[in-house]
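Student: I'm new to this structure and would love a close look at a single part. Could you start with one residue and then walk me through how some of the helices pack?

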Amino acid sequence: MTDTAFKPRVFSGIQPSGGLTLGNYLGAMKRFVSMQAEPFETIYCMVDLHAITVWQNPTELRDNTRELCAGFIASGIDPEVSTLFNQSQVPEHTQLAWIFNTVARMGWLSRMTQFKDKAGKNKEAVSVGLFAYPALMAADILIYHATHVPVGEDQKQHLELTRDIATKFNHDYKVNFFPITEPVIEGAGTRVMSLRDGLKKMSKSDPSDMSRINLTDSPEQINLKIQKARTDSAGLPSELSGLEGRPEAINLVNIYASLSDISVERVLNEVGGTSFSEFKKTLSELAVSKLSPISKEMSRLTKETTEIDRILGRGAERARAIASPILKKTYEIIGMIQ
Ligand code: AQP
């Protein structure tokens, strides 16, 4: 249930940790664009401080941040309407994160599956930042008193932790200061899977480039990746029940539904009975028609570095105007002399 004591405000972020994938686009970006309307105020961030929880080459980080900003705008985020900025220009994020490091419990963070997946067997060697990542994410959201956070399915657990941190802070200091944020995880695009393995998330860090569609891929590359996408030997069913236990088939149908803004049921209604090779051809055409204009615009804007930096600087000023009084009030609640 939405916390009605707070003004409807959307926050979400993406790491500038390498090229954007179709997963980022359908699970995040496309949905960010659709929330850019009344009653919401929208704040979107390039979370560069999250990206450095694993090693980033400085030149690439700078380029990736600008490319990501171009990707936001090319996908339809209007920097005049939404506040668009990079995290490290707004120090209030890390200031509140420190406070949340004292609110979150070790046990809570130890249960985060993303940490377990990323650290693997190497827990002793990963950065402290990778472990504390969800406390910074909670600060990113709550420093704006955001009420809604559109994310992909993979971020659900981090959002629950954000709610736990807000609840504990409000309880410990006997206030109703931080909203209990609502995750917005809806539609067919919230869990886009690898094109090579229907049980694995499509991810920018997957070693196989054939596993994902990048927003910078050419029409030929998109076409090739979809043609080579793993499928099973049965054809497409007309009913949802026919997709059970077929992760690769579900994935392609979900991608089609999300790209064309129709329900999975309607997709099956239209394509049920056809072969995968036919369906892949239609899906390729759809993907190219939706992604190519974004890709072209993104590559044009990426070269406009002065303009991108100006947009990010202006966005950071707007973000700080909201974040700064919330941080000041947080310090007051805690008992810090300012
Ligand atoms: N495959 C996906 N399906 C749906 N949504 C996805 N998102 C990411 N992958 C998928 C959503 O994109 C937003 C930003 O994610 P991120 O780049 O900040 O981090 P991530 O989730 O760790 O993405 P990657 O591609 O897997 O990055 P790496 O490989 O660097 O770890 C989030 O809302 C996420 O849910």
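Tutor: Happy to! Let's start with Ala321, which is exposed, with a relative accessible area of 57%. Please keep in mind that this is a predicted model. Ala321 has its place in helix H13, which covers residues 305-334. For a sense of where that is, take Gln155 as a partner: Ala321 and Gln155 lie 166 residues apart in sequence, and their C-alpha atoms are 27 Å apart in space.

From there, let's turn to the packing of helices. Two packed helices are described by the angle between their axes and the distance between the axes. Take helix H7 (residues 128-142) and helix H8 (residues 156-172): they pack at an angle of about 70 degrees, and their axes are 9 Å apart. H7 and H8 are therefore roughly perpendicular to each other. On the H7 side, the residues that meet H8 are Tyr133, Pro134, Ala135, Met137, Ala138, Ile141 and Leu142. On the H8 side you will find His158, Leu159, Leu161, Thr162, Ile165 and Ala166. By class, this contact of H7 with H8 has 11 nonpolar residues, two polar ones and no charged ones.

Now look at another pair, helix H3 (residues 58-75) and helix H12 (residues 276-302). Their axes are 8 Å apart, and the packing angle is about 135 degrees. That angle makes H3 oblique to H12. The crossing in which H3 passes H12 is right-handed. H3 brings Glu67, Ala70, Gly71, Ile73, Ala74 and Ser75 to the contact, while H12 brings Ile294, Glu297, Met298, Leu301 and Thr302. The residues of this contact of H3 with H12 divide into six nonpolar, three polar and two charged.

Finally, a word on cysteines. A disulfide is a covalent bond between the sulfur atoms of two cysteines. Here the count comes to zero disulfides. Why is Cys45 without a bond? The closest cysteine sulfur, in Cys69, is 11 Å from the sulfur of Cys45, which is too far for a bond. Likewise, Cys69 is in no disulfide, as its nearest cysteine sulfur, that of Cys45, is 11 Å away. As for their surroundings, Cys45 counts as buried, at 0% relative accessibility, and Cys69 is buried with a relative accessible area of 0%. Set beside them, Ala321, where we began, is exposed.

Technical notes: Residues numbered from 1 in each chain as written. Predicted model: local features only at pLDDT ≥ 70, side-chain atom pairs only at ≥ 80, totals over all residues. Heavy atoms only, no water. Disulfide = S-S within 2.5 Å. Buried < 20%, exposed > 50% of the residue type's maximum accessible area, 1.4 Å probe, protein only. Axes fitted to C-alpha atoms, helices over the stretch in contact; angles between N-to-C directions. Helix = DSSP H or I, 4+ residues; strand = E, 2+ residues; numbered from the N terminus. Parallel < 35°, antiparallel > 145°, perpendicular 65-115°, else oblique. Left-handed = near helix turned anticlockwise from the far one by under 90°. Contact = heavy atoms within 4.5 Å. Nonpolar A, V, L, I, M, F, W, Y, C, P; charged D, E, K, R; others polar.
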